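Please open the model in the viewer and keep the sequence panel beside it. The tour proceeds by selection, one stop after another.

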Amino acid sequence: MAEKKKTARKALAVSLGMRLWLCALGSSLVALVVYGLTLAGYVFPGESAHLFTQWMGMDALAAPVHPIWGAVVKFVGGMSSLSSVAVRLNTLSLLCGALSAGFVCALVGFFILNTAQHEDSQPHASAAASLGGLTAAFAFVFSTAVWQSSTHLDFNVFGVFLALAVFMLFIPMARFPRLTPLFAMLVGVGVGVGLVESPVFVPLAPVYLMAVVVTSVRNDRKFYLPAILFLVAGLVGFTVVARLVASSYLALPAAAAVGFEDAGDVLVKLLRDHL
C-alpha cells in the first residue's frame, strides 16, 4: 500500500510538472504577442542606443560594460536579414522578455508545488501552482518597466533574463538530488559570469547562495559541499570572464585613451559601475 501511494504521488508530480510547463509556454506566447504588436521599429534613444553605437564600432567604447549583451548585439546587428538593424535588435529584447515571462511562471509554480507537502493539499497543488505561476508571469509581462524594456533595445531585460535563467537551474537541482553538487557549480558559474555582465546579480548573489543551501538540505544533502562549490565556481567564473573581457578591451585603442593600463583598472571600472 505504501509503495502504491509513493508511485501515485510520483505520477501526480509528473502530471503537475507537465501542466506547469504548458502554463510557462503559454505565458511566453502571450508575451511574444503583446511585445510583438508594440515592438518599436527604431533604436530607442538612451543609454542602450549609446552603447549600441559603441559595441558596433560607430563610437569609441568607453568601458566594456554589459560585455555579453554587447557581444550578442554586435552579432545580431551584423546579421544579414530582410529586416532593419533596429528591428533585429529590438527583437532581441522581445525574446528576452518573452522567455523571462515563461521562467517566472515556471519558478513560481515550481516553488508552490514543492511547498505543498501535506497530502490533503496535493489535489489542489496543480491549480495553485498554475494560478500562482500565471499570475506572477502576467504581472511581469504587463509591468511598465518590463514592457518598455522588451519592445526596444535595452540591456536591462537581458540582465533579468540571465538572472532568471540561472534560477531555472534550481528546478533540475531539486528534482535530481544526486546531481546537487553539479548544479551548485553551474549556478556558481552563472552567478560569476552574471556579476561581470549585470548589476542585478549583485543583490541576488546571496539569494542564490541561500537557495543552494536550502535546496541541498531539502535534497537530504550536507549543504557545506554545494555551498563551497558554488562559491569557488562563482569566483572562477567571474575571474575567467572578467579577465577575458579586460584583455579584449585593453587591445582596443580606446582603452589607452581613457587611461586604462591593465586588467585591474578595467575590473575596478566594472565593479564601480555595478555598485
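In which loop is His66 found? Select the loop between α2 (47–55) and α3 (67–77), where His66 is found; helices here are DSSP runs of H or I with at least four residues, numbered from the N terminus. This is a predicted model, in which local features need pLDDT of at least 70 and side-chain atom pairs count only at pLDDT 80 or more, whereas totals for chains, interfaces and linings use all residues. Residues are numbered from 1 along each chain as its sequence is written, and side-chain values use heavy atoms, without hydrogens and water.

His66 is not a glycine, yet has a positive phi of about 50 degrees. His66 is buried, at 8% relative accessible area (buried: under 20%; exposed: over 50%; partly exposed in between; 1.4 Å probe, protein chains only).

Next, select Asp220, in the loop between α10 and α11 (224–250). Asp220, also not a glycine, has a positive phi of about 60 degrees, and is exposed at 72% relative accessibility.

Now display helix α9 (residues 180–197) with helix α10 (residues 201–218): their axes, 10 Å apart, make an angle of about 175 degrees. Axes are lines fitted to C-alpha atoms over the stretch in contact, with angles from 0 to 180 degrees between N-to-C directions. The two helices are therefore roughly antiparallel (over 145 degrees). Among the residues that meet are Val187 and Gly190 in α9 and Tyr208 and Val212 in α10, contact meaning heavy atoms within 4.5 Å.

Finally, select Phe170; beyond neighbours within four places in sequence, its contacts include Phe110, Val187 and Tyr208.

Definitions and conventions. Angles under 35 degrees count as roughly parallel, over 145 as roughly antiparallel, 65 to 115 as roughly perpendicular and the rest as oblique.
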